[in-house]
Amino acid sequence: MVSFVNLISGKWAIPILYRLIVIDSPVRFSELQRAVAPITQKELTRQLRLFERRKLVQRKVYAEVPPRVEYRITPLGKSLKPTLDSLADWMRTKGADLADDS
């Protein structure tokens, strides 16, 4: 359980993964950054590197000038979709019941 929480911890982890799952095709860094706005370049890079190390995201670099880099969800990453859908459903039905201590 702790490993799963570590996997999706952070404000941007779920939005990034979900966007890559929905797109389900190669996407350039700048396109992904716009899709998950207002994430910073630094945070998106950090999350993508983490996901790549965990084999949830594949990174492909093209030998072009300027260099082109694309990211794509892997089959392992896609397998998170039912779990993320379940979390989204739970938030839709129970989110209003959550206490806000702010």
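This is the transcript of a short presentation on one predicted protein model.

Good morning. The structure before you is a predicted model. I shall begin with the sheet, continue with the core, and then turn to salt bridges and to some backbone details.

Let us start with the sheet. In what order do its three strands lie? The order is 1-3-2, the sheet is open, and the pairing is antiparallel. Strand 1, residues 27–28, and strand 2, residues 57–62, are the edge strands, each of them paired on one side only. Helix 2, which spans residues 13–23, packs on this sheet and touches strand 1, strand 2 and strand 3. The direction of helix 2 makes about 90° with that of strand 3.

Please look now at the pairings themselves. Strand 2 and strand 3, the latter covering residues 68–73, run antiparallel and are joined by six bridges. Together they form a hairpin, with five residues between the two strands. Within this pairing, Arg 59 stands opposite Tyr 71, and the bridge partner of Lys 60 is Glu 70. Strand 1 is also antiparallel to strand 3, and two bridges connect them. There, Val 27 has Tyr 71 as its bridge partner. Tyr 71 of strand 3 is therefore a residue to find on your screen: it stands opposite Arg 59 and is the bridge partner of Val 27.Is strand 3 largely enclosed or open to the outside? Five of its six residues are buried, so strand 3 is largely enclosed by the rest of the structure.

This brings us to the core. The largest nonpolar core contains 21 residues. Those with the most contacts inside this core are Ile 16, Leu 20, Leu 32, Leu 48 and Val 57. Which elements give two or more residues to the core? They are helix 2, helix 3 (29–35), helix 4 (41–53) and strand 3. Helix 2 gives the most, with five residues.

Helix 2 deserves a further look. Its buried residues include Ala 13, Ile 16, Leu 17, Leu 20 and Ile 21. These cover an arc of only 130° around the axis, which puts them on the same side of helix 2.

Val 57 offers another view of the core. Leaving aside its neighbours within four places in sequence, Val 57 is in contact with several residues, among them Leu 20, Leu 48 and Phe 51. Its contacts also include Tyr 71, Arg 72 and Ile 73.

I turn next to charged side chains. Side chains of opposite charge can pair when their charged atoms come close. How many salt bridges does a search of the whole structure find? The search finds six. I shall describe some of them.

One of these salt bridges is between the side chains of Asp 24 and Lys 78, at 3.0 Å from N to O. Asp 24 lies in the loop between helix 2 and strand 1, and Lys 78 lies in helix 5 (residues 75–78), so the pair ties together parts that are 54 residues apart in sequence. Asp 24 counts as partly exposed, at 31% relative accessibility, and Lys 78 also counts as partly exposed, at 35%.

A second example is found in helix 6, residues 81–94. Asp 89 forms a salt bridge with Arg 92, and the closest N and O atoms are 2.3 Å apart. Because these two residues are three apart in the helix, about one helical turn separates them. Asp 89 is partly exposed at 40% relative accessibility, whereas Arg 92 is exposed, with 63%.

A further salt bridge joins the side chains of Arg 68 and Glu 64, again with an N to O value of 3.0 Å. Glu 64, Arg 68 and Glu 70 are linked in a network of salt bridges.

Finally, I come to the backbone. Most residues other than glycine have a negative phi, and most peptide bonds are trans. Where, then, does this model show a cis peptide bond? The bond from Ala 37 to Pro 38 is cis, with omega near 10°, and Pro 38 is found in the loop between helix 3 and helix 4. A cis peptide bond also joins Val 65 and Pro 66, with omega about -5°. Pro 66 lies in the loop between strand 2 and strand 3.

Positive phi values deserve a word as well. Asp 24, which we met in a salt bridge with Lys 78, has a positive phi of about 50° although it is not a glycine. This residue comes just after helix 2. Lys 55, another residue other than glycine, has a phi near 65°. Lys 55 lies in the loop between helix 4 and strand 2, and at 59% relative accessibility it counts as exposed.

Thank you for your attention.

Methods:
Residues numbered from 1 in each chain as written. Predicted model: local features only at pLDDT ≥ 70, side-chain atom pairs only at ≥ 80, totals over all residues. Heavy atoms only, no water. Pairing = 2+ DSSP bridges. Helix = DSSP H or I, 4+ residues; strand = E, 2+ residues; numbered from the N terminus. Contact = heavy atoms within 4.5 Å. Axes fitted to C-alpha atoms, helices over the stretch in contact; angles between N-to-C directions. Core = buried A, V, L, I, M, F, W, Y, C linked by side-chain atoms within 4.5 Å. Buried < 20%, exposed > 50% of the residue type's maximum accessible area, 1.4 Å probe, protein only. Salt bridge = Lys/Arg side-chain N within 4 Å of Asp/Glu carboxyl O. Arc of directions from axis to C-beta.
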